[in-house]
Amino acid sequence: MHSIEHPGRHLTALTVAAALGAVLPLTIPVAAHADTPLPPNCTNTSNAGFAGASDLTLNQRAAVVVSGDGSVLRVTNATFPGGAGSAFTTNKVALQDAGSFSTAFSFRISDQRNGGADGLVFTVQNVANNVGAAGGAMGYGGLSQSIGVEFDDWYNPPGDFTPTGDPLKEPDGNHAGIDVNGSMQSDPVASLTPLGINLDAGAVEHAWVDYNGATDQLEVRVADSTTRPATALLTKTVDLPAILGGTGSPAQDAYVGFSAGTGFGAANFDVLNWSYINCYQPVGVDASPVVDAGGPYAGHRDQAVPLAGTVADDNPGVTRQWSLSGGPAGSSCFIDSPTSPTATVRCDAVGNYTLTLTGTDSIGQTASDTATLTVSNQAPVAAALDLIATNACAVSATLHFTDPDVADTHTVSFAWGDTATSAGTVTESTGTGTGTGSHTYAHAGTYTVSATVSDGQDTATTSRAYATKNTAGAFLPPINAAGTRSSFRLGSTIPI
Ligand SMILES: [Ca+2]
Ligand SMILES: [Ca+2]
Ligand SMILES: [Ca+2]
Ligand SMILES: [Ca+2]
């Protein structure tokens, strides 16, 4: 009742069908997730609905048809006599990183006749754009230099043979398996029944196939919902580039697509949606956030510096958090609105800081990135120095200063020019202030008065010459014996 009873007819006739192929219009690649950019050398090619959106070559029975599921890729149809079909990328795909790929597709086996048979195979091959044997070989059998992931809805007993002569080891008529080099002897192979999946039930099933060229791991997942299972149904360690006859470095060229076959049992084997990524980028995984802390940032002491990092995720609900992860000894910083995109940071000491931006997604996965912040000081400006005589040899000094760092506080010191120094009294507000001091000289003369303002980091000095007021009238007359001040001529002898 089924194809494999006639292996000569159905299992050994490898038909190169490129000449029969029909080429569909070019696909427009789309991103996997708007918020999760693929690596720059990777492309997600999506065929949602297939109509007018495929760069596939259709071979033999394969066609794009409008079904109850909309426009689908009917790899093989249910018409008799049985046959095979395939659909492969017209051009080779450059699988990055030693043959890595991730693919996801949904399919439906419908309109079963004579029990339904034989199955659908996702295939990666490197020899040609062709079709394998029909019937139990599902359009895959005999494709050398290939790997296949089969979804087989017809039980073949061990006595059935494959195009490569390997006895079959099918657990039932409802299984998935990994096939290599055109052999139908799947290894590993697993029944889909424990997953609650019945390929003959006509339901839409979902599959995820990932190959990581870094670990040589090929994983297959199957579910009857769109939720990617956490654990793989099938796992195989396989050197895909070696099978395909390439090097896998930096990329492995391959045709990717589907085949299907029918015999004396038949069905429609439809692929409803398909996306493949030429990198290991599993579809349906809740990806970790993608964080870019931005920077490097630069700012001034005690001033708020805007932080402009970005946090993206494939799902809503991602949160962000800035934190300080390094800085000069004894320094401290204040991060304002650390969970906001408009966060700012203000640090109290000059130096280099490290800031960390952490993103946490809705299931608690985190990712972090760091950025440097360089905090510098702006020197104060010593402006006018006012010197006012308060007595013959006494002076009052006022330094007017400014500082672009409006939060800085300052000290002022005076050097009076006669080796004496003193600290000034500072009055300041928001970057503008004065420092005042006074001094009495022991001797008349001309001195250079220097005033220095410091913000604790940098200084500024201004100087002016000052002459004591040792002129006539500048000194008070002495007090005579009668208790009154007397006038004397300059240069005369004063009796005391
Ligand atoms: Ca099988
Ligand atoms: Ca089978
Ligand atoms: Ca996520
Ligand atoms: Ca300053």
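Reader: Which residue is the bridge partner of F414 in β33?

Author: Happy to start there, bearing in mind that this is a predicted model. Strand β29 covers residues 411-415, and it pairs with β33, residues 446-454, in the antiparallel sense over five bridges. Within β33, the residue bridged to F414 is A451.

Reader: What is the order of the strands in the open sheet of four?

Author: The edge strands pair on one side only, and they are β30 (421-423) and β34 (459-467). From one strand to the next, the twist averages 20 degrees. The pairing is antiparallel, and the order reads β30-β29-β33-β34.

Reader: Let's move to β2. Which residue in β17 stands opposite S46?

Author: Strand β2 spans residues 44-48 and is mostly covered, with four of its five residues buried. It pairs with β17 in the antiparallel sense over five bridges. Opposite S46 in β17 stands S275.

Reader: Which strand gives the most to the largest nonpolar core?

Author: That core has 73 residues, and V75, L120, V220 and V271 touch the most other members. The strand giving the most to this core does so with eight residues, and it is β17 (residues 266-277).

Reader: Which residues does V271 touch, leaving out those up to four places away in sequence?

Author: V271 is one of the residues that touch the most other members of the largest nonpolar core. With residues up to four places away not counted, its contacts are V72, L73, V75, F105, F107 and F258.

Reader: How many residues are in the other core, the one lying apart?

Author: Its members include W322, C347, L355 and A371. This core lies apart from the largest one, and its residue count is 16.

Conventions: Residues are numbered from 1 along each chain as its sequence is written. Chains are lettered from A and ligands numbered from 1 in the order in which they are written. This is a predicted model: local features need pLDDT of at least 70, side-chain atom pairs count only at pLDDT 80 or more; totals for chains, interfaces and linings use all residues. A nonpolar core is a set of buried Ala, Val, Leu, Ile, Met, Phe, Trp, Tyr and Cys residues joined through C-beta atoms within 7 Å. A residue is buried if 20 or more other C-beta atoms lie within 10 Å of its own, exposed if 12 or fewer, and partly exposed in between; C-beta atoms are placed from the backbone. Helices (H or I, at least four residues) and strands (E, at least two) are DSSP runs, numbered from the N terminus. Two residues are in contact if their C-beta atoms, placed from the backbone, lie within 7 Å. Two strands pair if DSSP finds at least two bridges between them. Axes are lines fitted to C-alpha atoms, for helices over the stretch in contact, and angles run from 0 to 180 degrees between N-to-C directions.
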